[in-house]
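Colleague: I have a model open on my screen and would like a close look at just one part of it. Could you walk me through a helix and how it sits among its neighbours?

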Amino acid sequence: MPLYNQLKEYRSKLGINQTDFGKMAGVSRQTISLIERGDYSPSVTLALKLAKICEVKVEDIFQYEEDES
């Protein structure tokens, strides 16, 4: 799926590790890791929660790009 994100960059700016970030969002460290690697697309609710924690818009973290084929 062509969903790209900059979650790791925003999390790093906050100085929060994956475990604590996951606790703040109500998910596991593994979920945060999967999202950051692009191996998991979060629900709309989780994406909104992550953006709120980072104090940015969802579109600042997540970008969707169509396949050109």
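Modeller: Here is a walk along one helix, with a few residues further down the chain afterwards. Keep in mind that this is a predicted model, where local features need pLDDT of at least 70, side-chain atom pairs count only at pLDDT 80 or more, and totals for chains, interfaces and linings use all residues. Residues are numbered from 1 along each chain as its sequence is written, and side-chain values use heavy atoms, with hydrogens and water left out.

Let's take H1, residues 7–14; helices here are DSSP runs of H or I with at least four residues, strands are runs of E with at least two, and both are numbered from the N terminus. Its buried residues (under 20% relative accessible area, 1.4 Å probe, protein chains only) are Leu-7, Tyr-10 and Arg-11. Looking down the axis of H1, these fall within an arc of 100°, so they line one face of the helix; the arc is taken from the directions from the helix axis to the C-beta atoms. They pack against strand S1 (3–5) and helices H2 (18–25), H3 (29–37), H4 (44–54) and H5 (58–61), with contact meaning heavy atoms within 4.5 Å. After H1 comes Gly-15, with a positive phi near 70°.

Glu-55 also has a positive phi, about 60°, although it is not a glycine. You'll find Glu-55 in the loop between H4 and H5. At 72% relative accessibility, Glu-55 counts as exposed, the cut-off being over 50%.

Back in H3 there is Arg-37, which counts as exposed at 52% relative accessibility.
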